[in-house]
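Biologist: Could you walk me through this model before I go back to the bench? I'd like to ask things as they come up.

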Amino acid sequence: MSDEPQPQQPHRGRAPQEPQAGDTAEGKAEGRAGGGGRPRRTGWRRMIPTWRMVAGGFLVTALLVVGGFFLGYHLVQIPAANALATQQANVYLYADGSVIARDGEVNRENVTLSQISEDAQHAILAAEDRDFYTESAVDPQAMVRAAWNTATGKGKQSGSTITQQYVKNYYLRQEQTVTRKVKEFFISIKLDREQSKEQILEGYLNTSFFGRGAYGIQAAAHAYYDMDASDLDAGRAAYLAALVNAPSQYDVITHPENRGTVEDRWNYVLDGMVDEGWLSEGERAGMTFPVPKETTLSTGMSGQRGYIVNVVKQYLIENDIVDEASLDAGGYRVTTTLQKDKQDAFVAAVNDRLTDRLDPENRKVDTYVRAGGASVDPKTGEVVAMYNGIDYVKQYTPNATRRDFQVGSAFKPFVFTSAIENKSRTQDGRRITPNTVYDGTSERPVQGWPGARYAPENEDHRDYGDITVREATDKSVNAVYAQMAVDVGPDRVRQTAIDLGLSRNTPSLDDAGPSIALGVATASVLDMAEAYATLANHGKHGAYTMVDKVTRGTETVDLPERRTRQAVSRQAADTTTAVLRGVVENGTATAAQTAGRPAAGKTGTAEEDTAAWFAGYTPDLATVVAVMGQDPVTAGHKSLYGALGLPRMNGGGAPAEIWGQYTRDALKGQPVQAFNLRLQRGAWESQSPTASGTGPSSSGDPAGGGSQAPDDEDTGSRTPDGTGEPAEEEPTDGQDGNGTTGETADGDTGGDGTTEGGTATGGDTGGDTGDGDANGDDGTGPGSLTGTITQNARRAW
């Protein structure tokens with residue numbers, strides 16, 4: 001082996017590496033000096049972001065915000081209004097514009113901006129958003145400030161503009177969630193681009209809640225001050241504006257302890273109005289805090305209000321003015337024909353003459369008593385007052401429009417009117433007039449009726465023997481009127497009743513036969529008032545109306561045109577009026593004389609005394625009153641024997657008394673009007689049944705006759721109203737066929753030298769002869785009618 005060093009063999013493992021420049025001291029120095037890189041950050045320095053990181057993060061954030069904004073703007077759409085925001089009440093008004101009631105679950109009545117006073121608009125802006133007209137839909141700075149104040153305990157604040165508050169009220173719900181706030185943000189921006197500031201402010205004022213159940217400025221103005229929003233002055237408007245901040249707590253009536261805080265807020269609003277130039281300093285200096293009313297007119301359904309709303313809504317639907325679905329949606333303002341003073345007078349009359357006399361604790365029958373009434377202006381057909389029941393929340397059925405109680409003898413005038421209109425004759429051929437004599441024997445079988453035997457009883461089974469139609473009307477003799485219905489023909493009677501105003505669908509009107517005369521039909525009080533108004537209007541008929549105007553927002557709903565026609569001749573209507581005057585002056589309805597005016601009318605009692613009626617009229621007003629018996633539990637009809645502590649309930653009692661008081665008060669201050677009547681020819685000639693045995697008589701005597709029947713030839717003249725109806729031989733200015741002076745506009749000239757209708761009384765030309773007067777009337781009668789009508793006045797037709 002050589003001692004020389006041997007060459008090294010390549011190592012089969014990893015080749016040795018050359019040292020890197022950076023690993024040597026020289027290399028490290030070179031790296032720091034060469035600037036080719038940055039030293040690695042170690043320790044706490046690694047936690048500090050570089051400027052590149054900051055810039056990148058800002059850029060990414062900006063991109064996310066902008067992207068999120070555009071994404072949200074396109075994804076969030078303006079939704080349909082929420083159900084609460086669109087609900088409105090229907091407002092029902094008296095003829096003078098005062099509120100009767102508001103129906104609907106939400107007390108809101110939308111109004112246009114022009115229907116809101118400028119003071120009210122400015123007060124809301126001063127309280128909620130003074131820069132509304134110049135700022136954008138959202139105010140991010142205010143939102144951040146409000147969030148900060150809320151977070152730091154300075155009070156919960158929204159930071160929302162009026163636009164945002166409107167969006168929350170109208171489109172969204174009230175919950176405080178991030179999702180709702182985000183939607184509110186984007187909808188507000190979109191809405192600001194699609195609607196004007198005026199539209200947004202109007203919407204806000206109609207959707208804000210003001211307390212006392214009032215949504216919107218119009219409902220609030222009525223709830224606190226009983227006035228329209230258009231009438232709000234700066235002081236009242238500032239208080240309503242203050243309420244928006246805390247509606248319940250800021251009601252100084254229910255929370256008087258908060259009066260100081262509320263006045264501070266009120267002053268803040270007014271000061272803001274001054275700062276913005278909306279209110280002068282002089283006006284501001286003289287203002288005192290306008291305390292709201294403690295109680296305003298109730299707009300609920302209690303008392304008569306619920307009945308009126310019910311009846312008027314049915315009228316709107318049945319006459320195709322507004323359909324039911326639209327009424328349910330709300331927003332209608334319905335001005336009725338009802339006059340508040342007359343409505344109040346009707347309620348007072350029922351209370352005084354009926355309700356206050358009931359003793360339900362000691363008389364069970366008094367628990368059955370119900371009352372209904374309706375009053376119509378004969379010339380216009382307007383329903384001016386109604387009475388439907390003691391309280392809508394206690395008794396729901398409106399008694400003025402129900403059709404389930406018999407009208408009784410209140411139907412008899414329609415039979416007589418039909419007899420005159422159709423120139424009907426008795427069975428023995430005599431023309432039917434007020435002085436035609438009939439057999440008034442109780443349970444006397446009617447003659448000439450092909451159907452089953454019919455023999456109605458008179459009240460108290462009283463027999464009257466031979467009696468004139470006029471007297472039979474005064475005493476309500478059933479036997480006479482059942483026979484007259486057959487003489488005229490039940491179908492003709494039925495048609496006359498319909499022509500006068502009864503509904504063709506009146507129950508028991510179609511198949512009554514002779515009993516139609518006794519009032520087996522069950523017409524409503526309102527139907528009967530319409531029919532009697534036709535008699536008062538000299539036979540001219542027009543369907544009643546109870547609505548004068550209907551609006552919804554700025555739109556006016558068309559109402560059907562009211563048309564009148566001559567339903568029956570003037571002579572038929574006026575002759576009936578002349579006969580019905582005797583009922584009030586000397587018959588079963590003398591209690592109605594308390595009206596203190598010339599009046600005509602008829603009492604009526606249903607079978608078993610289940611209802612009592614008085615239907616009457618003056619030249620100015622036709623009114624019907626009914627007292628009905630109904631079990632409060634079973635709703636079955638009940639007899640009223642013993643009610644009010646009286647043996648019987650009849651039309652001459654409480655109904656006539658109510659009528660008299662109501663009519664007196666309703667027409668208080670109006671001139672007394674006399675009836676101006678044109679009568680059937682020969683109305684007061686004697687018409688006794690024949691006794692010669694030559695032909696059939698009304699008493700069933702087969703003897704004929706007719707020598708006393710008046711000549712039925714028409715004169716060929718026309719009625720004064722120009723209808724073309726052939727008239728009976730007309731008297732001039734109220735003189736009847738006997739030369740007896742009838743009523744004129746100035747009164748009746750009587751044989752005693754007095755005049756009715758003004759300050760004196762009436763009588764008959766020529767005075768009384770023998771035991772009766774020139775008309776065949778009995779010369780005696782009851783006392784004077786409040787100094788206006790004497791016992792002779794009933795003869796001065």
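Modeller: What follows goes from the whole chain to two sheets, a helix, a loop residue and some ring contacts.

Modeller: This is a predicted model, in which local features need pLDDT of at least 70 and side-chain atom pairs count only at pLDDT 80 or more, while totals for chains, interfaces and linings use all residues. Residues are numbered from 1 along each chain as its sequence is written, and side-chain values use heavy atoms, with hydrogens and water left out.

Biologist: OK, how many helices and strands does the chain have?

Modeller: The chain has 22 helices and 18 strands, where helices (H or I, at least four residues) and strands (E, at least two) are DSSP runs numbered from the N terminus. Of its 797 residues, 51% count as buried, and buried means under 20% relative accessible area, with exposed over 50% and partly exposed in between (1.4 Å probe, protein chains only).

Biologist: And among contacts between residues at least 6 apart in sequence, what percentage join residues at least 24 apart?

Modeller: That share is 68%, with contact meaning heavy atoms within 4.5 Å.

Biologist: Let's do sheets. What is the strand order in the one with mixed pairing?

Modeller: That open sheet of 5 strands has the order 2-1-5-11-12, and two strands pair if DSSP finds at least two bridges between them. Strand 2 and strand 12 (555-556) stand at the edges with a single partner strand each, so one side of each has no neighbour in the sheet.

Biologist: How does strand 1 pair with strand 2 and strand 5?

Modeller: Strand 1 pairs with strand 2 (residues 99-103) in the antiparallel sense over 4 bridges, whereas 3 bridges join strand 1 to strand 5 (residues 332-336), and those two run parallel. Y92 stands opposite A101 in strand 2 and opposite V334 in strand 5, while L93 has V99 as its bridge partner in strand 2. Strands 1 and 2 form a hairpin with 5 residues between them, and G97 in the turn has a positive phi of about 95 degrees.

Biologist: Which way do the strand 1 residues point, and are they buried or exposed?

Modeller: In strand 1 (residues 90-93), N90 and Y92 point one way and V91 and L93 the other, and all are buried.

Biologist: Which helix lies across that sheet?

Modeller: Helix 13 (residues 305-318) lies across strands 1, 2, 5 and 11 (547-552), and runs at about 75 degrees to strand 2; axes here are lines fitted to C-alpha atoms, for helices over the stretch in contact, and angles run from 0 to 180 degrees between N-to-C directions.

Biologist: What about the antiparallel sheet, what is its order?

Modeller: That open sheet of 5 strands has the order 7-6-16-15-14. Its edge strands are strand 7 (383-387) and strand 14 (600-605), each pairing on one side only, and the twist averages 5 degrees from one strand to the next. Strand 14 is joined to strand 15 (residues 611-617) by 6 antiparallel bridges, with T605 and A612 as one of the partner pairs. Helix 21 (residues 570-586) lies across strands 14 and 15, at about 65 degrees to strand 14.

Biologist: Changing topic, how many residues of helix 18 are buried?

Modeller: For helix 18 (residues 478-488) the count is 11 of 11, and those buried residues pack against helix 16 (412-421), strand 8 (437-439), strand 9 (466-468), helix 17 (469-475) and helix 19 (490-500). Helix 18 is followed by G489, whose phi is positive, near 110 degrees.

Biologist: Where is S442, and why does it count as buried?

Modeller: S442 is in the loop between strand 8 and strand 9, and it counts as buried because its relative accessibility is 9%. Leaving aside neighbours within four places in sequence, S442 is in contact with P456, E457, N458, H461, R462 and D463.

Biologist: Last one, how many aromatic pairs does a search of the whole structure find?

Modeller: The search finds 15, where rings of Phe, Tyr and Trp (its six-membered ring) pair if their centres lie within 6.5 Å, and planes under 30 degrees apart count as stacked, over 60 as edge-to-face and the rest as tilted. The rings of Y617 and F675 have centres 6.1 Å apart and planes at 85 degrees, so that pair is edge-to-face. Y617 lies in strand 15 and F675 in the loop between helix 22 (654-666) and strand 17 (768-769), so the pair ties together parts 58 residues apart in sequence. Y617 is buried at 0% relative accessible area, and F675 is buried at 3%.
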